[in-house]
Amino acid sequence: MTLQEQVASIILQPESEILEYKAVLPPSKSIAQIICSFANTNGGILILGVTEIGGLKAAGLSEDFRATSITHKALDLLSPKPIVDYGYIAYNGKKLFAIKVDKSSSTISVEGKIFIRNGAKITQSNPTINTFQVGGFSKISSLNTDLEILKINSTDSKLKLLEHYQSILKMIDTLKPLLYPESPNEFTSVKEGKVLSRILFSSIVDNFETYLSDILFEIYLAKPETLKSEQTVKVEDVLNCSDIQEFITFWARQKIGKLQKGSVKGFISDNKQIKDLGVINKTTEDEIERILQIRHLYSHRNGIVDDKFLKYYPTSYSFGVEHQMSIDEILDKMNYLSDIINKIDKAAITKYTLSTI
């Protein structure tokens, strides 16, 4: 039986252990996880271009991007590679894309993670479980629990960021003698601890920016028309990318330029995809910008206050003094950014029909 015939015999049936739909083209990592879950259970078929809004129907898949190349990248993430059959198919005048996965005789993983099917849902059979020191700073484990809850029904972009934040929490818990030898509410006096605190905080902010780049990438994949704008692109930039996915990744990262310079307002105004979500208001813009300025000091000035920083904190600091934050303050910033990301993610999933994990 051909792939076309197999899809025709099962399409529009409810999602199950052996059948999953996506309305739009997900990132390669999301596809890899779905393939992995089918291979590790009883096989199955993923059909792209079927929407569940208002009842199951074949809406078709945009032809602006090549699903085949995204699937190739997904297969490259799998170890070992399962047996799959994939390609474009026609159904009721609509162009869809299907991936049929055979049950594997060996365990398949995606970057070390093993996924299986639990009915129509995907679950990780070997999740990382963070354990923290007995008697340690309670806010660490509490925030870790909150981040774990935020993982539910998230995009791949958000999941990646939350896992990074959890890794930072683990480091903070382990390195108490350096980071908060006296109290999590007091600045560390240990020289190495000061350096490490700056690095960890900068990583928190850097990955917030990475999330915004990644979510733009997911939006571009789901809704290719949002990639089109009046901005010009150098032919050299296009030719330097091996395929459309690499170009979209490059373009999304270019969009972060203004944010990296500390202009949150400029970033939002330049990115209609984020602006239209209506999540970031003026108060939030200002607070994010202030957080970015701290990262600027830590990454480029070794924490020493400069004139640019004083524009955002005119009464709190003096020129040339060392800026420090306690671990308690750093965790508050992580929690704040996590909340913003959660709101952006939920709004983007709804508005652009993004795939969730």
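This is a short talk about the sheet, some helix pairs, the pocket and the cavities of one protein model.

Okay, hi everyone. Before anything else, please keep in mind that this is a predicted model.

Let's start with the sheet. Four strands make it up, and their order across the sheet is β1-β2-β7-β6. The sheet is open, and its pairing is mixed. If that word is new to you, strands of a sheet pair through backbone hydrogen bonds, and they can do so parallel or antiparallel.

So which strands stand at the edges? They are β1, residues 19–22, and β6, residues 84–91. Each of these has a single partner strand, so one side of each has no neighbour in the sheet. As you go from one strand to the next, the twist averages 20°.

Now look at β6 with β7, which covers residues 94–101. These two pair in the antiparallel sense, over eight bridges. If you want one bridge to find on screen, take aspartate 85: its partner in β7 is lysine 100.

Helices pack here too. Helix α1, residues 3–10, packs on the sheet and touches β1, β2, β6 and β7. The direction of α1 makes about 65° with that of β6. Then there is helix α3, residues 67–76, which lies across β6 and β7 and runs at about 160° to β6.

Next up, two helix pairs. How do α5 and α7 pack? Their angle is about 170°, and their axes are 8 Å apart. That makes α5 roughly antiparallel to α7, because an angle over 145 degrees counts that way. On the α5 side, the residues in the contact include Leu161, Tyr165 and Ile168, and on the α7 side they include Ile204, Phe208 and Tyr211. Sorted by class, this contact has ten nonpolar, four polar and five charged residues.

The other pair is α4 with α15, which spans residues 327–352. Here the axes come within 11 Å and cross at roughly 10°. These two are therefore roughly parallel to each other. From α4, the contact uses Lys139, Ile140, Leu143, Leu147 and Leu150. From α15, Leu331, Met334 and Asn335 are among the residues taking part. The classes in this contact are six nonpolar, three polar and three charged.

Now for the open space. The largest pocket holds about 1,200 Å³. Its lining has 41 residues, and those lying nearest the centre are Ile122, Lys151, Asn153, Thr356 and Ile357. Which elements give two or more residues to that lining? They are β1, α2, β3, β10, α4 and α5. You've met some of those names already: β1 stands at an edge of the sheet, α4 packs with α15, and α5 packs with α7. As for classes, the pocket lining has 16 nonpolar, 16 polar and nine charged residues.

Last stop, the cavities. How many of 30 Å³ or more does the structure hold? There are three. The largest cavity has about 60 Å³ of space. The residues lining this cavity include Lys194, Ser197, Arg198, Tyr298 and His323. And α7 turns up again, giving three residues, the largest share of the lining. By class, the cavity lining has three nonpolar, four polar and two charged residues.

That's my tour. Thanks for listening!

Conventions:
Residues numbered from 1 in each chain as written. Predicted model: local features only at pLDDT ≥ 70, side-chain atom pairs only at ≥ 80, totals over all residues. Heavy atoms only, no water. Pairing = 2+ DSSP bridges. Axes fitted to C-alpha atoms, helices over the stretch in contact; angles between N-to-C directions. Contact = heavy atoms within 4.5 Å. 1 Å grid on protein atoms, 1.4 Å probe; cavity = no way out; pocket = protein on both sides within 12 Å on 5 of 7 lines; lining within 4 Å. Points joined across faces, edges and corners; volume = space filled by probe spheres on them. Nonpolar A, V, L, I, M, F, W, Y, C, P; charged D, E, K, R; others polar. Parallel < 35°, antiparallel > 145°, perpendicular 65-115°, else oblique.
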